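Biologist: I'm new to this one, so could you take me close in on a single part, the places where charged side chains pair up? After that, please carry on to the surroundings at an easy pace.

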Amino acid sequence: MTLLVMGLGLLGLSAFAFWYVWERSHRKTMKMPAGVDLSRSVPHRQEFELYHNVLSLCARKVRICLAEYNIPYRSHHIDLIETGSYEVISRDYLAINPGGLVPTLIHNGHPVYESDFIINYIADKATGSNTRLTPTDPAKRAEMEVWIARASLIGEDASRDHQRSAGQCIPPMTVPLFVASIRYIPVAKILEGLLFHRLKDRAAFFLIFKLIGLSGVVQVTRFRQIIQSARDAMVGHLRALEDQLALTSGDWILGADFSLADVSWMSLLHRLEETWWLKHILANHGLPRVSAYWTRLKGRESYRSQITALPHPIIDRGIADLNAAITRIPGWRALYEGS
């Protein structure tokens, strides 16, 4: 009987090893540079098609940009683990973006990678539009790029460099929502990321979040320190935005004209609102111009059609659970109130 059990066990391990090696060979991933891949042709039905996720900060800015230019696009929603599964590392999606990240814009069949490049690419292609989101003046264009970069992620390690950009603060500040939402995701879905995702540390963190929950995560000193560092740096970035809005005396970052800089900050400020940080930062630090600016951003049709009109049940439950946790769990309350 013992030999039979051992034999079955070895058979099972052999089958798993064979499956894993076969899957790995069909899920090859690599970091993709920003730009258009003219060597790759993807099946498509429309001039513009977008592979995106409703929660992704980077995907949101691309959707907003397309909406501002009134460019119709065919939508392909790709799940992140936060919204249900690791569809980004499915064989089908890796054939489109071997980096396993969203968004990917398909233009006339060719993939375009990295959201900051994509929004500038869209602006360059929308030459026939009455809308213009990029200044013609080179100095203003350079200023716009500075503010786009300030709202963007830098590299793949979000545990540091929080002073470099507000975007770099977003992953740690989204941790509370990740933890609240991941409780609704089966462990098996997370394990797929450990096996096949290029960024295995993220999958490992999601597994930890799943196991210890909101009450446990806030007790881990390292997690708490990273979130606090990002929170404090974000306050500085929002103060800089407050100063910029005062300097230009206009409705938007560059003054009177809405630009790609505002597209980027619309996505970022929404992430701060849905994770409950914006409410607490504005209450504790004032920033009246940022508050008024955010109100103007929410009034745009692109915000309504590309963000609020695209809810997700798991994220909605996570947002509600997080709000309750901030009130109920002293550690989270202290982090959010800045104490």
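**Charged pairs and what lies around them**

Modeller: Start with E274 and R271: they are three residues apart in helix α10 (residues 260–274), so about one helical turn separates them. Helices here are DSSP runs of H or I with at least four residues, strands are runs of E with at least two, and both are numbered from the N terminus. Before we go on, keep in mind that this is a predicted model, in which local features need pLDDT of at least 70 and side-chain atom pairs count only at pLDDT 80 or more, while totals for chains, interfaces and linings use all residues. Residues are numbered from 1 along each chain as its sequence is written, and side-chain values use heavy atoms, with hydrogens and water left out.

Back to our pair. E274 and R271 form a salt bridge, with their closest N and O atoms 2.7 Å apart. The term stands for a side-chain nitrogen of Lys or Arg within 4 Å of a carboxyl oxygen of Asp or Glu. The general idea is simple: side chains of opposite charge can pair when their charged atoms come close. Both partners are tucked away: E274 is buried at 6% relative accessibility, and R271 is buried too, at 5%. For that scale, buried means under 20% relative accessible area, exposed means over 50%, and partly exposed is in between, using a 1.4 Å probe and protein chains only. The pair also has company, as R60, R271 and E274 are linked in a network of salt bridges.

Now look at another helix. In α5 (residues 138–150), E145 and R141 are four residues apart, which means about one helical turn between them. They form a salt bridge as well, the closest N and O atoms being 3.5 Å apart. Here the setting is more open to view: E145 is partly exposed at 29% relative accessibility, and R141 is partly exposed at 24%.

Next, a pair from two strands. The side chains of E49 and R74 meet in a salt bridge, 3.6 Å from N to O. E49 belongs to strand β2 (residues 48–52) and R74 to strand β3 (residues 74–77), so this pair ties together parts that are 25 residues apart in sequence. E49 is buried, with just 1% relative accessible area, whereas R74 counts as partly exposed at 25%. If you'd like the tally, the model has 15 salt bridges.

Now for the surroundings, beginning with some charge-free surface. F205, I208, L211, I212 and V220 make up a nonpolar surface patch, together offering about 410 Å² of accessible area. Patch members have over 30% relative accessible area and no salt bridge; like charges are joined within 9 Å, and nonpolar side chains (Val, Leu, Ile, Met, Phe, Trp, Tyr) within 5 Å. The areas come from the Shrake-Rupley method with a 1.4 Å probe, and for residues only the protein chains shown count as cover. Take I212 from that patch: I212 lies in helix α8 (residues 200–217) and is partly exposed at 36%.

There are a few backbone oddities to find, too. The peptide bond from V102 to P103 is cis, with omega near 5°, and P103 is in the loop between α3 (91–94) and β4 (104–107). D161 isn't a glycine, yet its phi is positive at about 60°. D161 sits in the loop between α5 and α6 (166–182), partly exposed at 34% relative accessibility. L287, not a glycine either, has a positive phi of about 60°. You'll find L287 in the loop between α11 (277–285) and α12 (288–298), where L287 is buried at 6%.

One last stop: H110. H110 is in strand β5 (residues 110–113) and is partly exposed, with a relative accessible area of 23%. H110 and H44 are 66 residues apart in sequence, while their C-alpha atoms are 9.2 Å apart in space.
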